[in-house]
Amino acid sequence: MSDSILTRRQLVTTLGTAAGAALLPTTASANSTAPQPAKTAAFTHCLNMSTIRGHKLGFVKELETASKAGFRSVEIWVDTLLNYLKEGKTPADARKQIGDLGITVENAIGFAPWIIDNDADRAKGLEQMKREMDILAQVGCKRVAAPPVGAQTPNSPLIDLRKAAERYRAVLDIGTQTGVTPHLELWGFSRNLNRLSDVMYVAVESGHPSARLLLDVYHLFKGGSSLDSLPLVGKPAIEIFHVNDYPANLPAANITDADRVYTGDGVAPIRQILQTIRNPDRPIILSLEVFNKNYYAQDPLQVAQSGLAKMKAVTQGV
């Protein structure tokens, strides 16, 4: 047996065995007097700064708004952080600001073209990811999104999924060096990696134990992925999940990023999704990601507070 086959089999185990483990009977007696571990929350509520991005607050005010609204976890955007650094600040300054506010940066949204076919441009994309991941590590962020940037337009060529897996592994290797794990992101509107089966294949075929998926309520709907397949992902592969909702009057073919609404304000089967991804071993980070222009016209603190309240209502009892 070759090392590469062994590695892939190990990764399949990592991604999938937890789904089956939930079906095994417990060996603990119902009347056991052994001390039970304290019950922890199933979900961590997080604010993706896309939700208040249209207010153009800048890095510090976005963090302050999230903290005032009651969020203890956030997803930042790399370009907003870089603009902050261009003003003469340092990653250490950013880390202190984050610490002083008592929040955790769970993930970062970046757009380096790591997946594209052009060798020279892809090499530049990997260099970009390395630079950004180095900065994120200094800030204290341990994850970064890895969407199919540069391969998402209708005219983009279809990328062979085995090549995509090799390229994702290259990004994961950078993650091992920097301590920032790239999470393979599904984009439902994209020419490439628009379905759950695509990202699952690429993650498994990468043969890397750190492979993780970044999924989204809206993008699963937009790309036409069946939620019946979601349990096949396996608990270890999902650490952070983008939540939102969508209205009833828009079919997947016509819906856009800007049509996303607060959780519970649409028709998405959110509770079904949450019950599927819920992990008994650790909380799943639920990050509110919307791009709604109506929200951008409102007070940003009100938007963040409303988003958090509606997330808590949806997750209650799940």
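**Close-up views of a predicted model**

**View 1. Leu193 sits in a loop.** L193 is found in the loop between β5 and α7. The model shown here is predicted. The phi angle of L193 is near 55 degrees. That is a positive value, in a residue other than glycine. Is L193 buried or exposed? Its relative accessible area is 2%, so L193 is buried; the cut-off for buried is under 20%.

**View 2. Lys56 lies in another loop.** K56 belongs to the loop that links β1 (43-48) and α2 (59-69). Phi of K56 is near 55 degrees, again a positive value outside glycine. Is K56 buried or exposed? K56 has 73% relative accessibility, so it counts as exposed. The cut-off for exposed is over 50%.

**View 3. Strand β5 and its surroundings.** Strand β5 covers residues 181-185. Of these 5 residues, 4 are buried, so β5 is largely enclosed by the rest of the structure. In a regular strand, side chains alternate between the two faces of the sheet.

**View 4. Strand β5 beside β4.** Strand β4 takes in residues 143-146. β4 and β5 pair in the parallel sense, over 4 bridges. Which residue of β5 is the bridge partner of R143? The partner is T181. Helix α6 (residues 161-178) joins the picture here. Together, β4, α6 and β5 make a right-handed β-α-β unit.

**View 5. Strand β5 beside β6.** Strand β6 is made up of residues 212-216. It pairs with β5 in the parallel sense, over 3 bridges. Look for E185, which stands opposite L214 in β6. Now follow the chain from β5 to β6: it crosses through helix α7 (residues 196-205). This β-α-β crossover is right-handed.

**View 6. The largest nonpolar core.** How many residues does the largest nonpolar core have? It has 88. Those with the most contacts inside this core are I76, L81, L136, L215, F241 and L286. Which helix gives the core its largest share? That helix is α6, with 6 residues.

**View 7. Leu286 and its contacts.** L286 is one of the core residues with the most contacts inside the core. Set aside its neighbours within four places in sequence. L286 is then in contact with F43, T44, H45 and C46. Its contacts also include F241 and V243. L274 and I277 are among them too. M311 and T315 complete the list. F241, like L286, is named among the core residues with the most contacts.

Notes: Residues numbered from 1 in each chain as written. Predicted model: local features only at pLDDT ≥ 70, side-chain atom pairs only at ≥ 80, totals over all residues. Heavy atoms only, no water. Buried < 20%, exposed > 50% of the residue type's maximum accessible area, 1.4 Å probe, protein only. Helix = DSSP H or I, 4+ residues; strand = E, 2+ residues; numbered from the N terminus. Pairing = 2+ DSSP bridges. Right-handed = clockwise from strand over helix to strand, strands pointing away. Core = buried A, V, L, I, M, F, W, Y, C linked by side-chain atoms within 4.5 Å. Contact = heavy atoms within 4.5 Å.
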